[in-house]
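Let's work through some exercises together, each with a solution you can follow step by step. Keep the viewer open and try each task before reading on.

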Amino acid sequence: MRLLKCPKCGEMFSDTYKTCPFCQEDEELHSGKPVKTGGRRVGGAKARPKVGGGVVVACLVLVLGLVACTIFGSQFTELFTGGKPDTPVRALTLSQRNADLTVGSTVKLTASGGESAIIFSSSNEAVATVSADGTVKAVGEGSAVVTAKAGDLTASCSVAVKGTEQTDVPKEDLSIYSESAQSLTTDISINVGEKALMSVQGTDSTVNWSMEDTSIATVDSSGMVTGVASGKTNLTATVNGQTLTCIVRVSIHEN
């Protein structure tokens, strides 16, 4: 047996057929006659692709891919980049990192970046104090660090305080004044537990008060002196670059 090529349709068929079975089959199909199965082509014919089925499959693959990216996007990023996606860096910042002040002056610090309430503090309140809203006040000469804290985040501002620049007031024009006695004085006497408010006449500048022996008497930033124990000590007022001294005598009140 050998194969023959039909000159009409180009199909190969066995020489046991007298005529091309493929041409005969095509003629029967077009004429509406019953098709004989003995000569149905077994190869060589090209089937037409089903376009509709391929489009449906492609659409399904696309939809599944989009769903997978939506659900597992972060895992895919970690897989192909070798690590986890970058997370935003949380930081707390202040409006100023350094502040140069003179005694009595103030500056307002503003914090940003914190997700919780801001808490301010000063490392040296004898030099600079800070209020809850971030207002820093220069109290005395020196340096301090003001820190803002929000949760586990912190930020700081270095504060340098110098004396007031008003130095043209002569020392002889300055005097310590006792508000309680309503007179100038260089020597005051109070009892244990009593208070005496002091001020400096001759200037409107902020006065920096200090007490030599705080076990006998104390003084606050406003000049309020309080007797603590029997004895004698010195009260010092520093203003406009000048230093004034007043003796403080504390005694035990006798009934």
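pLDDT is the predictor's confidence in each residue, on a scale from 0 to 100. You will want it at hand, since this is a predicted model.

**Exercise 1. Find out how confident the prediction is, and which stretch calls for caution.**

Step 1. Start with the whole chain: the mean pLDDT is 79, and 76% of the residues reach 70 or more.
Step 2. Now look for the weak stretch: over residues 37-51 the pLDDT is below 50. In the model this stretch still has 16 contacts beyond near neighbours in sequence.
Step 3. Decide how to treat it. Where pLDDT is low, predicted coordinates should not be read in detail.

**Exercise 2. Describe the overall make-up of the chain: its elements, its burial and its surface.**

Step 1. Go through the secondary structure, and you find two helices and 20 strands.
Step 2. Turn to burial: 29% of the 255 residues count as buried.
Step 3. For the surface, the chain exposes about 16800 Å², with carbon and sulfur atoms supplying 55% of that area.
Step 4. Finally, check the range of the contacts. Taking those between residues at least 6 apart in sequence, 47% join residues at least 24 apart.

**Exercise 3. Locate the largest nonpolar core and say which elements build it.**

Step 1. The largest nonpolar core has 22 residues. Leu94, Leu109, Phe120, Val136, Val146 and Val159 have the most contacts inside it.
Step 2. Map the core onto the elements: two or more residues each come from strand 4 (98-102), strand 8 (128-130), strand 9 (135-138), strand 10 (142-150) and strand 11 (153-162). Strand 11 gives the largest share, five residues.
Step 3. Separate from this core is another one, of 21 residues, including Ile176, Ile188, Leu244 and Cys246.
Step 4. Return to the larger core and select valine 146. Leaving out residues up to four places away in sequence, valine 146 touches Leu94, Leu109, Phe120, Ser121, Ser122, Val130, Val136, Ala155, Ser156, Cys157 and Val159.

**Exercise 4. Find the salt bridge in the structure and work out which parts of the chain it links.**

Step 1. A search of the whole structure turns up one salt bridge.
Step 2. Its partners are the side chains of arginine 249 and aspartate 187, with an N to O distance of 2.9 Å.
Step 3. Place both ends: arginine 249 is in strand 20 (residues 242-251) and aspartate 187 in strand 14 (residues 187-191). The two residues are 62 apart, and the pair links distant parts of the chain.
Step 4. Are these partners buried, partly exposed or exposed? Arginine 249 has 35% relative accessibility, so it counts as partly exposed. Aspartate 187 is also partly exposed, because its relative accessible area is 31%.

**Exercise 5. Follow the contacts of two loop residues, alanine 91 and glycine 114.**

Step 1. Alanine 91 sits in the loop between helix 2 and strand 3 (93-94), and glycine 114 in the loop between strand 6 (111-112) and strand 7 (119-122).
Step 2. Take alanine 91. Its C-alpha is separated by 5.7 Å from that of glycine 113, 22 residues away along the chain. Not counting residues up to four places away in sequence, alanine 91 touches Ser112, Gly113 and Leu153.
Step 3. Do likewise for glycine 114. The C-alpha atoms of glycine 114 and leucine 92 are 5.5 Å apart, with their positions 22 residues apart along the chain. With residues up to four places away set aside, glycine 114 touches Leu92 and Ala150.
Step 4. Check accessibility: alanine 91 is partly exposed at 43%, and glycine 114 is partly exposed at 30%.

**Exercise 6. Examine a backbone angle at glutamine 182 and a nonpolar patch around valine 63.**

Step 1. Most residues other than glycine have a negative phi. Glutamine 182, however, has a positive phi, near 55 degrees.
Step 2. Glutamine 182 lies in the loop between strand 12 (175-178) and strand 13 (183-184). With a relative accessible area of 54%, glutamine 182 is exposed.
Step 3. Move to the patch: Val63, Val67 and Ile71 make a nonpolar surface patch of about 260 Å².
Step 4. Valine 63 belongs to helix 2 (residues 51-81). Its relative accessibility is 48%, so valine 63 counts as partly exposed.

Key. Residues numbered from 1 in each chain as written. Predicted model: local features only at pLDDT ≥ 70, side-chain atom pairs only at ≥ 80, totals over all residues. Heavy atoms only, no water. Helix = DSSP H or I, 4+ residues; strand = E, 2+ residues; numbered from the N terminus. Buried < 20%, exposed > 50% of the residue type's maximum accessible area, 1.4 Å probe, protein only. Contact = heavy atoms within 4.5 Å. Areas by Shrake-Rupley, 256 points an atom, 1.4 Å probe, with all protein chains shown as cover. Patch = residues over 30% accessible without salt bridge, like charges linked within 9 Å, V, L, I, M, F, W, Y side chains within 5 Å. Salt bridge = Lys/Arg side-chain N within 4 Å of Asp/Glu carboxyl O. Core = buried A, V, L, I, M, F, W, Y, C linked by side-chain atoms within 4.5 Å.
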